[in-house]
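This report looks at charged side-chain pairs and at how accessible their partners are. Please have the sequence and the structure at hand while reading.

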Amino acid sequence: RAGSDGQPGKFKPPPKPVIIDKEKQGVERRFLSPEFIPPRGRKDPLKYYMERKDMIQRRKVCSIPEFYVGHVLAVTTADPYANNKTNRFVGICIQRGGRGLGATFVLRNVIEDQGVEVCYELYNPRIQAIEVLKLEKRLDDNLMYLRDALPEYSTFDVNMKPVSRLDHEEIPVNKLQVRMKPKPWSKRWERPKYNIKGIKFELPESKMKEAQKWSQPWLEFDMLREYDTSKIEEKIWKEVNKELKK
Amino acid sequence: LKVQDCHVLRYVPKEESGGKTAKLLVGGKNVAPFSKPESAHQIFKEAGVPRKQKISTFNVTDDAIIKPGTPLYAAHFRPGQFVDVTAKTIGKGFQGVMKRWGFKGQPASHGQTKTHRRPGAISTNKASKVYPGKKMPGKMGNVYRTSLGLKVWRINTKHDIIYVNGSVPGHTNCLVKVRDSKLPTCKEHNKNPPFPTFFADGDEKLPEDLFDEEIFQFTEPSVTYT
């Protein structure tokens, strides 16, 4: 490169690339399972504390991996009427509900052209193992619209191999826009109350505009509905980690 | 069910009390003494105990008398016992006959004029009066009711919690009276309780958690069938 006085200047080596090796940095990702967070109410916090102790006890025996809605899981439960006395079900997690020991998650799969949804309780003593086969988050918290989507979006191979993944990487978000079957649907997913971002709506503009009539824009400013869980989460995270490391 | 600061307040011998057995007055949760007059504090001063929110009576036999002032703990009950739980039900206010007594009401359409949730006829022609105790609309709830024969599955001695089967009358955080079951089928299960009660300063050292034999404990591995 020519210098300021026209002569070729001294060679400046290019700046060295900065490599952030996340493995060595050891940045821990915090994940607190949503069923640990107590709901807002007038109940005694002692009740939630006792439930958390029981939940931690159960997690020490049967480890429950970190998973979100949209992951593909395989669950083996004890079944007295099956051949091997175990029952293995593979499916995509549609929703996670409940708090405390009654926390549930619903797995959906399409087996031989029949859609099957099974609701499992996380802390059920009959569950022997939960494996995460594929990790990916979706755009929504609740994938119930897969019932009205084309069946190809809910089919997962029962003998799928677990996708390998490094521990420190971020969980990828799948921005898939799902195509739906023709209307009528089980719920009117185009309405703003469900706030779904993962559907490719092929409805005419007039229908989408009409659906916006049911929008409630004042809800996000309602202060009584705010439930700030950050401080509660911090405390519970420390408590749970301390117990689990024992 | 949490046992919160229970103390025995007074012993009433058989002759003074109206019934067939002696009575023990037991007080519940601790509460500030400022909102009641001095005369109401008499019982608590005699027993040497802070003012309690609720006082209830228990009919006791003579060999089960406890000195006033002793604290009562959750370990008074053991897993496997059966228990009756009494509390005031949730008050629903003035309610109509369909909610209060479960009447069927009338159809919603087919020509019904202004009559969909009414009781209909209240008596016959021959009686020419309404019988006392006729089911009619009125205040529902806020009444003492008992759920009988509840099994005790687990007891936590550190926090004084009794894990009881099924549901119990009353709203969340309400005060509740727990007694040994009076049902004849539960008599054999209720034998060998800590008698007259569990004393914390006694010789017996209980573990933090007491479980029934049949219950699944979270320290055990997952259930498998063979």
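Is B:R154 buried or exposed? In this predicted model, B:R154 is buried, with a relative accessible area of 6%, where buried means under 20% relative accessible area, exposed over 50%, and partly exposed in between, computed with a 1.4 Å probe on protein chains only.

The model is a prediction in which local features need pLDDT of at least 70 and side-chain atom pairs count only at pLDDT 80 or more, while totals for chains, interfaces and linings use all residues. Residues are numbered from 1 along each chain as its sequence is written, chains are lettered from A and ligands numbered from 1 in the order in which they are written, and side-chain values use heavy atoms, with hydrogens and water left out.

Over all chains there are 16 salt bridges, a salt bridge being a side-chain nitrogen of Lys or Arg within 4 Å of a carboxyl oxygen of Asp or Glu. Three of them are listed here.

| Acidic partner | Basic partner | N to O distance |
|---|---|---|
| B:E208 | A:K53 | 3.0 Å |
| A:E117 | A:R147 | 2.8 Å |
| B:D209 | B:R154 | 3.2 Å |

The salt bridge between B:D209 and B:R154 ties together parts that are 55 residues apart in sequence, since B:D209 lies in strand β11 and B:R154 in strand β8 of chain B; strands (E, at least two residues) and helices (H or I, at least four) are DSSP runs, numbered from the N terminus. B:D209 is partly exposed at 21%.

For the pair B:E208 and A:K53, the contact crosses between chains, reaching helix α2 of chain A.
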